[in-house]
Amino acid sequence: MTPPITPSQTVGPFLAIGLPWADGPFVVPDGTPGAITITGRVLDGAGDPVPDALVETWQADPDSRFDHPDDPRGAVTSATPGFRGFGRSATDQDGGYRIVTVRPGPLPCPAGGTEAPHLDVSVFARGLLDRVVTRIYFADEAKANAADPVLSAIAEPERRQTLLAVPGAQAGEFLFDIRLRGERETVFFDV
Amino acid sequence: MTAETGLILPRYQRPEGVHPPLDYPEYRSSQLRAPTRPLVPMPQWLTEVTGPLLGPERVAAADADLTTRHAGEPIGERIIVTGRVLDSGGRPVPDTLIEIWQANSAGRYAHAVDDHPAPLDPNFDGGGRCVTDSDGRYRFITIKPGPYPWRNHPNAWRPAHIHFSVFGRAFTQRLITQMYFPGDPLFAQDPIFNSVPDRTAREQMIARFDLGLTIPDWALGFEWDIVLRGASATVFEREAHQ
């Protein structure tokens with residue numbers, strides 16, 4: 001007899017009491033050479049900012065490795081000092097979030113082929129009874145993205161654009177908005 | 001294209017019918033925020049079967065006792081909340097971070113956005129964290145949160161609850177939920193509790209009172225296990241070509 005899985009419930013409007021960390025946005029320590037910043041806004045179906053959301057990210061390191069025992073290639077401590085792989089940012093009054101990280105490497109797929117560099121993303125908010133899951137890819141990896149099996153499986157090609165972080169005005173800056181609903185709704189996944 | 005990559009990955013159970021639907025109009029806040037497009041199926045590959053292994057480095061011993069962090073003791077009914085984090089195969093999830101937050105005994109959150117006219121408690125902030133032990137067990141000391149009104153529908157009240165955030169060992173297992181208390185008269189009118197379609201699954205969110213867990217003359221005890229999606233031990237995402 002296997003125990004039934006515990007259902008999800010919304011984080012509600014007061015997640016800031018329990019979840020934000022001072023170092024949450026830092027997947028790598030501040031000042032890490034080659035670090036990039038991914039910023040954006042979480043927007044609702046009316047296009048208004050969501051000021052009480054939490055964005056979490058998880059990714060491989062630049063050498064395509066995870067320091068995790070379930071990676072069949074073996075757990076590897078990253079060559080990037082202080083690499084945590086995990087980022088967490090609560091949104092501000094403008095719906096803005098920020099993740100400081102390094103670009104992940106591409107990943108081999110179990111059945112062959114290669115996944116383009118990406119971050120897995122969870123978004124939690126009041127109004128979301130369960131997390132929503134999306135991915136951040138990089139717009140300047142066009143060739144890798146074109147061969148990515150997850151992107152390629154999205155039926156409407158124009159919706160793939162919602163998963164691309166685009167280079168910003170400053171070096172090392174990428175912009176990635178998350179539209180929860182409505183026109184240009186971000187692609188969300190069932191994982 | 002098929003290749004002999006040798007990448008044998010765990011496959012996590014898909015919890016059909018367990019979680020609430022995202023689009024659930026009875027919960028008013030979902031109407032502008034829940035996606036309306038169908039979710040796109042995603043494989044469970046390297047990024048999904050791994051995840052942050054956050055543990056003792058994120059907590060201090062005092063973080064598991066919400067009653068002793070301020071100058072005085074908080075007002076309210078002192079309780080122990082304990083249980084295990086398991087996967088759906090019944091295996092404990094050890095060394096994993098649990099974060100909680102809750103209202104005070106008057107039903108007021110220590111948060112600027114909460115304007116419920118109930119008193120704040122200077123001795124209670126409502127946040128806590130701990131790490132499960134080698135058997136997957138966690139334990140918090142806190143005070144029982146009060147119910148509170150919200151504006152979802154006329155005379156709407158939330159049943160008393162504690163928010164729980166759990167990581168497990170893989171991105172697929174990440175869970176944020178709420179723990180409720182047995183016999184709460186507010187369940188029937190609460191759309192968040194009732195958004196879970198299956199009755200057995202709803203009851204998974206209700207802690208069990210246990211006289212054996214009380215500390216005599218000091219605190220009442222509640223037990224609540226958290227069950228995450230388990231990984232199949234026998235099914236692999238591997239093409240069987242040799």
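This is a short chat about chains A and B of a predicted model.

User: Let's start with chain A. What does its secondary structure come to?

Analyst: Chain A has three helices and 12 strands. Its radius of gyration is 17 Å, close to the 16 Å the globule rule gives for 191 residues, so chain A is as compact as a globular protein of that length.

User: And what box do its C-alpha atoms fill?

Analyst: Roughly 45 × 40 × 40 Å, taken along the principal axes.

User: How much of chain A counts as buried?

Analyst: 50% of the 191 residues. As for contacts in chain A with a separation of 6 or more, 71% of them are between residues 24 or more positions apart.

User: Switching to the interface. How many residues does each chain put into the contact?

Analyst: Chain A gives 63 residues and chain B gives 79 residues. On the chain A side, strand 2 (53–59), strand 5 (107–108), strand 7 (118–125) and strand 12 (189–190) each supply at least two residues. Strand 7 of chain A has the largest share, with five residues.

User: What's the chemical make-up of that side of chain A?

Analyst: The side of chain A that touches chain B has 35 nonpolar, 16 polar and 12 charged residues.

User: You mentioned strand 12 of chain A. Which strand of chain B does it pair with, and is that parallel or antiparallel?

Analyst: It pairs with strand 2 (residues 40–41) of chain B, in the parallel sense, over two bridges. A:Phe189 stands opposite B:Val40 there.

User: OK, on to the core. Which residues touch the most other members of the largest nonpolar core?

Analyst: That core has 106 residues, and the ones touching the most other members are A:Val42, A:Ala53, A:Val123, A:Phe124, A:Ile136, B:Val166 and B:Leu228. In soluble globular proteins, nonpolar side chains tend to be buried together.

User: Take B:Val166. What is it in contact with, leaving aside neighbours within four places in sequence?

Analyst: B:Val85, B:Thr96, B:Ile98, B:Leu175, B:Ile226 and B:Leu228.

User: B:Leu175 points one way from strand 10 of chain B, right? Which residues go with it, and which point the other way?

Analyst: B:Thr177 and B:Met179 point the way B:Leu175 does, while B:Ile176, B:Gln178 and B:Tyr180 point the other way. Side chains in a regular strand alternate between the two faces of the sheet.

User: Is strand 10 of chain B mostly covered or mostly open?

Analyst: Mostly covered: six of its six residues (175–180) are buried.

User: How many bridges join strand 9 of chain B to it?

Analyst: Six, and strand 9 (residues 161–166) and strand 10 of chain B run antiparallel. Among the partners, B:Ile162 is bridged to B:Met179.

How values were computed. Residues are numbered from 1 along each chain as its sequence is written. Chains are lettered from A and ligands numbered from 1 in the order in which they are written. This is a predicted model: local features need pLDDT of at least 70, side-chain atom pairs count only at pLDDT 80 or more; totals for chains, interfaces and linings use all residues. Two residues are in contact if their C-beta atoms, placed from the backbone, lie within 7 Å. Helices (H or I, at least four residues) and strands (E, at least two) are DSSP runs, numbered from the N terminus. Ala, Val, Leu, Ile, Met, Phe, Trp, Tyr, Cys and Pro count as nonpolar, Asp, Glu, Lys and Arg as charged, and the others, Gly among them, as polar. Two strands pair if DSSP finds at least two bridges between them. A nonpolar core is a set of buried Ala, Val, Leu, Ile, Met, Phe, Trp, Tyr and Cys residues joined through C-beta atoms within 7 Å. A residue is buried if 20 or more other C-beta atoms lie within 10 Å of its own, exposed if 12 or fewer, and partly exposed in between; C-beta atoms are placed from the backbone. The radius of gyration is taken over C-alpha atoms; the globule rule is 2.2 Å times the number of residues to the power 0.38.
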